[in-house]
Amino acid sequence: CLECHNLTPTAAQEAPVSLFVNGKRFKSSVHSILGCTGCHSDLDPENLPHAKPKKVNCGSCHSDEGEQYAKSLHGRAASRGNALAPRCVTCHGNHDIVPVNQKDSAVWPLKIPFVCGRCHREGTPVQRNRHIDEHDILSNYTESIHGEGLLKQGLVVAANCASCHTAHNI
């Protein structure tokens, strides 16, 4: 797969659709042992070039998380076709998913306020277009005792957004 999908970012940017998959980052991903068609099961590696793959259904392997997400505010918004609704890749990434207990994970506890803040801080499309009763969410959290403990003291056991709102059943 990487013979085509390991194009340099510059070459990939010139293509109508980006083909770039960082092979080095994919090899360190938790999903590297599955290979590409482990997730992109609709593709036949012998039939090239292939059509655009279907969206990966992470819940086919991660069923508990998938069920929680489907029932959540985010999942229900996604099922209605809401373009602003986060999907698994929004928080976890796609070809570079690292276990949550590793510091370079996209969802390492120190990163959670910023992952959530990508959508829930002032001025974002979510904040502008959805009725959210709270305001200054990221700055209020940062200045709270939990934010101070997590972000200033590095206490990964301090409460972050997912501690109350949960990771998948928002």
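# Exercises on an all-helix model

In this predicted model, α8 is the element that gives the most to the lining of the second largest pocket, namely 8 residues. The exercises start from the overall fold and then return to that pocket.

## Exercise 1. Describe the fold

Task: State how many helices and strands the protein has, and give the dimensions of its C-alpha box.

Solution.
- Step 1. Count the elements. There are 12 helices and 0 strands.
- Step 2. Read the order from the N terminus. The run is α-α-α-α-α-α-α-α-α-α-α-α.
- Step 3. Take the box along the principal axes. The C-alpha atoms fill roughly 55 × 35 × 35 Å.
- Step 4. Check burial. Of the 170 residues in the protein, 24% are buried.
- Step 5. Check the contacts. Take those between residues at least 6 apart in sequence; 39% of them join residues at least 24 apart.

## Exercise 2. Characterise the second largest pocket

Task: Find the volume of the second largest pocket, then say which residues lie nearest its centre.

Solution.
- Step 1. Start with volume. The second largest pocket holds about 1,200 Å³ of space.
- Step 2. Go to the lining. It comprises 46 residues, and H74, C116, H120, H165 and I170 lie nearest the centre.
- Step 3. Assign elements. Those giving two or more residues to this lining are α6 (73–79), α7 (88–92), α8 (112–120), α10 (137–143) and α12 (161–165).
- Step 4. Sort by class. The lining has 25 nonpolar, 15 polar and 6 charged residues.

## Exercise 3. Pack α8 and α11

Task: Work out which residues of α11 are buried and which are exposed. Then find what covers the buried residues of α8.

Solution.
- Step 1. Locate the buried set. Helix α11 spans residues 145–152, and G147, G149 and L150 are buried in it.
- Step 2. Test for one-sidedness. These residues cover an arc of only 165° around the axis, so they sit on the same side of α11.
- Step 3. Look at the other side of α11. There I145 and K152 are exposed.
- Step 4. Find the cover. The buried residues of α11 are covered by elements including α8 and α10.
- Step 5. Turn to α8. Its I112, P113, V115 and G117 are buried.
- Step 6. Find the cover of α8. For its buried residues, this includes α7, α10, α11 and α12.
- Step 7. Follow the chain out of α11. Just after this helix, G154 has a positive phi of about 75°.

## Exercise 4. Test the cysteines

Task: Count the disulfides. Give the nearest cysteine sulfur for C4 and for C36.

Solution.
- Step 1. Set the cut-off. A disulfide needs two cysteine sulfur atoms within 2.5 Å.
- Step 2. Apply it. The count is 0 disulfides.
- Step 3. Inspect C4. The nearest cysteine sulfur belongs to C1, 8.6 Å away, and C4 is in no disulfide.
- Step 4. Inspect C36. The nearest cysteine sulfur is again that of C1, here at 3.6 Å, and C36 is in no disulfide.
- Step 5. Add accessibility. C4 is partly exposed, with a relative accessible area of 49%. C36 is also partly exposed, at 31% relative accessibility.

## Exercise 5. Place R25

Task: Say which residues R25 touches beyond four places in sequence.

Solution.
- Step 1. Locate R25. It is in helix α3 (residues 23–27).
- Step 2. Grade its exposure. R25 has 47% relative accessibility and counts as partly exposed.
- Step 3. List the contacts. With residues up to four places away left out, R25 touches H95 and D96.
- Step 4. Check the sequence span. R25 and H95 are 70 residues apart along the chain, yet their C-alpha atoms are separated by 7.2 Å.

## Exercise 6. Audit the backbone

Task: Say where P49, D136 and T166 lie, and give the backbone angle noted for P49, D136 and T166.

Solution.
- Step 1. Take P49. It is in the loop between α4 (36–39) and α5 (63–71). The peptide bond from L48 to P49 is cis, with omega near -10°.
- Step 2. Take D136. It is in the loop between α9 (125–129) and α10. Its phi is near 50°, positive in a residue other than glycine. D136 is partly exposed at 31% relative accessibility.
- Step 3. Take T166. It is in the segment after α12. Its phi is near 65°, a positive value in a residue other than glycine. T166 is partly exposed, with a relative accessible area of 33%.

Technical notes: Residues are numbered from 1 along each chain as its sequence is written. This is a predicted model: local features need pLDDT of at least 70, side-chain atom pairs count only at pLDDT 80 or more; totals for chains, interfaces and linings use all residues. Side-chain values use heavy atoms; hydrogens and water are left out. On a 1 Å grid over the protein atoms alone, a cavity is a set of points where a 1.4 Å probe fits but cannot get out, and a pocket is an open set with protein on both sides within 12 Å along at least five of seven lines; lining residues have an atom within 4 Å of a point. Grid points are joined across faces, edges and corners, and a volume is the space filled by probe spheres set on the points. Helices (H or I, at least four residues) and strands (E, at least two) are DSSP runs, numbered from the N terminus. Ala, Val, Leu, Ile, Met, Phe, Trp, Tyr, Cys and Pro count as nonpolar, Asp, Glu, Lys and Arg as charged, and the others, Gly among them, as polar. Buried means under 20% relative accessible area, exposed over 50%, partly exposed in between (1.4 Å probe, protein chains only). The arc is that of the directions from the helix axis to the C-beta atoms. Contact means heavy atoms within 4.5 Å.
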